[in-house]
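Let's take a walk through a protein model together, from a helix to the rings and bends around it. Have a look at the picture first, and then read on.

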Amino acid sequence: MTVLADLRVQLDLNALGERMAAEGLTRGQRADRVRRELASTARREQDALEGRLVQWRERGWVRSWQGVRIVNRMILEVRVDAIAGLARSGEFSALWDGHRSRPLAGDFPRPAGRWAQRAWSREVRSRNWALDALEIPALWKRGVRGQGVVIGILDSGVEGGHPQLAPNRRKKDSWFDPFEGRADPWDSSGHGTAVLSVAVARNRDGYRIGVAPRARWVAALANPGGVFHPRFFTLAADWMLFEGRPDVLLMAFGFEPGECHDELRLFVNAFRAAEIFCVFAAGNEGPAPATDISPANYTGLYPGDAVAFAVGGLERDAGPYPGSGRGPASCGGRVYP
């Protein structure tokens with residue numbers, strides 16, 4: 001089976017952040033430094049483990065291994081009855097079940113036609129009350145349309161040929177599929193395409209959808225079919241940090257409402273330390289109290305004690321959308337979203 005094995009040594013991002021602040025580094029310099037330090041830590045510790053891995057392979061415990069850098073983690077194909085021995089070896093701080101997939105909270109629609117435009121076409125023709133409520137047209141008039149910004153998304157994939165999205169795809173290093181290895185962007189449920197369209201749709205043919213129609217996008221298939229799979233998410237997140245390198249990262253998914261699931265905290269901290277602005281959806285589990293979801297409910301994030309930027313939903317009258325998730329946040333009791 002697949003096991004995700006976290007090594008004991010992890011980069012102290014807060015300590016690194018303090019050193020970078022003292023050195024007066026620019027935003028770009030900080031991002032590059034974080035990536036170098038993460039990669040160096042993973043390479044050093046994983047190389048040191050190589051001898052043990054060879055021994056375990058000769059013993060029949062381990063068949064293959066692959067390291068990632070966003071956290072100091074190895075993805076191991078192991079014999080099930082060898083897991084206890086790996087745990088006793090003292091090399092790892094945590095072993096995660098790489099097959100422990102589970103549905104995500106919220107509505108992950110199945111694809112409905114190739115583009116699925118007609119269902120909402122009347123709502124976004126010529127005017128879109130949501131964009132007006134956000135005062136986006138005022139920014140457009142000032143020439144602020146997302147130009148020069150790269151927006152990434154970890155989700156169910158993206159329909160790369162969608163007429164609203166195809167022109168904005170970044171030309172190089174714009175797509176990664178650890179699930180099926182497809183070279184061209186595709187969407188396993190439709191959810192990622194919908195979320196990304198809200199951010200960067202080109203607003204063609206009179207449809208007003210995208211907030212930042214001149215931003216470019218990159219995407220990784222992290223949640224196939226709207227299901228969280230630790231192995232695929234780990235690989236997708238690693239690619240996003242080191243190859244995708246967006247300015248803004250959309251993560252519109254979450255686990256069971258009203259609970260604090262910490263398993264993505266290391267990823268979120270790494271993105272934040274690398275100067276990537278992470279945007280989370282507050283979820284569709286409301287209106288009852290304590291319907292918050294992780295990772296949108298994270299507190300205590302890098303640097304120091306930061307709070308996740310979680311976006312809730314509003315209706316036309318500016319009141320809260322009934323289904324929007326409510327606090328208090330289960331990961332610290334703060335205001336949510």
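Helix H10 is largely enclosed by the rest of the structure, because seven of its nine residues are buried. Keep in mind that this is a predicted model. The buried residues of H10 are Arg265, Phe267, Val268, Asn269, Ala270, Phe271 and Ala273. Just past the end of H10 you come to Glu275, which has a positive phi of about 65°.

**Rings that meet**

Two of the buried residues in H10, Arg265 and Phe267, lead us to the aromatic rings. Let's begin with Phe267, which belongs to one aromatic cluster together with Phe228, Phe233, Phe253 and Phe255. How many aromatic pairs are there by the counting rule? The count comes to nine. Phe228 and Phe233 make a good example: their ring centres are 5.5 Å apart and their planes meet at 50°, so this pair is tilted. An angle between 30 and 60 degrees is what earns that label.

Are Phe228 and Phe233 buried or exposed? Phe228 has a relative accessibility of 3%, so it counts as buried. Phe233 has a relative accessibility of 1%, so it counts as buried too. The cut-off behind both answers is a relative accessible area under 20%.

Phe233 also pairs with Phe253, and here the arrangement is edge-to-face, with 5.7 Å from centre to centre and 70° between the planes. This pair links distant parts of the chain: Phe233 is in helix H9 (residues 230–244), while Phe253 is in the loop between strand S10 (248–251) and helix H10 (265–273), 20 residues apart. Both Phe233 and Phe253 are buried.

**A charge above a ring**

Now back to Arg265, whose charged end sits over the ring of Tyr298, 4.7 Å from the ring centre. A similar arrangement involves Arg69, which lies over the face of Phe242 at 4.0 Å from the centre of that ring.

**A cavity beside the cluster**

Some members of the aromatic cluster turn up again around an empty space. A search of the whole structure finds one cavity of 30 Å³ or more. The largest cavity holds about 70 Å³ of space. Which residues line the largest cavity? They are Leu4, Arg73, Trp96, Phe228, Pro230, Phe233, Thr234, Glu263, Leu264 and Phe267. H9 gives the largest share of this lining, with three residues. Sorted by class, the lining has seven nonpolar, one polar and two charged residues.

**Another helix**

Helix H2 covers residues 27–48, which makes 22 residues. From its first C-alpha to its last, H2 reaches 32 Å, close to the 32 Å expected at 1.5 Å a residue. The buried residues in H2 are Ala31, Arg33, Val34, Arg35, Leu38, Ala39, Thr41, Ala42 and Gln46.

**Backbone features to look for**

Most residues other than glycine have a negative phi, and most peptide bonds are trans. With that in mind, the places in this table are worth finding in the picture.

| Place | Feature | Value |
|---|---|---|
| Asp173 | positive phi | near 50° |
| Ala290 | positive phi | near 55° |
| Gly286 to Pro287 | cis peptide bond | omega near 10° |
| Tyr336 to Pro337 | cis peptide bond | omega about -5° |

Where do these places lie along the chain? Asp173 lies in the loop between strand S6 (150–155) and S7. Its relative accessible area is 40%, so Asp173 is partly exposed. Ala290 is found in the loop between S11 and S12, and a relative accessible area of 36% makes Ala290 partly exposed. Pro287 is found in the loop between strand S11 (277–281) and strand S12 (309–311). Pro337, in contrast, is found in the segment after S12.

**One last stop**

Finally, find Glu180 in the loop between strand S7 (175–176) and helix H8 (191–200). Glu180 is partly exposed, with a relative accessible area of 44%. How far is the C-alpha atom of Glu180 from that of Gly319, and what is their separation along the chain? The two C-alpha atoms are separated by 42 Å, and the residues are 139 apart along the chain.

How values were computed. Residues are numbered from 1 along each chain as its sequence is written. This is a predicted model: local features need pLDDT of at least 70, side-chain atom pairs count only at pLDDT 80 or more; totals for chains, interfaces and linings use all residues. Side-chain values use heavy atoms; hydrogens and water are left out. Rings of Phe, Tyr and Trp (its six-membered ring) pair if their centres lie within 6.5 Å; planes under 30 degrees apart count as stacked, over 60 as edge-to-face and the rest as tilted. Buried means under 20% relative accessible area, exposed over 50%, partly exposed in between (1.4 Å probe, protein chains only). Helices (H or I, at least four residues) and strands (E, at least two) are DSSP runs, numbered from the N terminus. A charge sits over a ring if NZ of Lys or CZ of Arg is within 6 Å of the ring centre and within 35 degrees of the ring normal. The expected span of a helix is 1.5 Å times one less than its number of residues. On a 1 Å grid over the protein atoms alone, a cavity is a set of points where a 1.4 Å probe fits but cannot get out, and a pocket is an open set with protein on both sides within 12 Å along at least five of seven lines; lining residues have an atom within 4 Å of a point. Grid points are joined across faces, edges and corners, and a volume is the space filled by probe spheres set on the points. Ala, Val, Leu, Ile, Met, Phe, Trp, Tyr, Cys and Pro count as nonpolar, Asp, Glu, Lys and Arg as charged, and the others, Gly among them, as polar.
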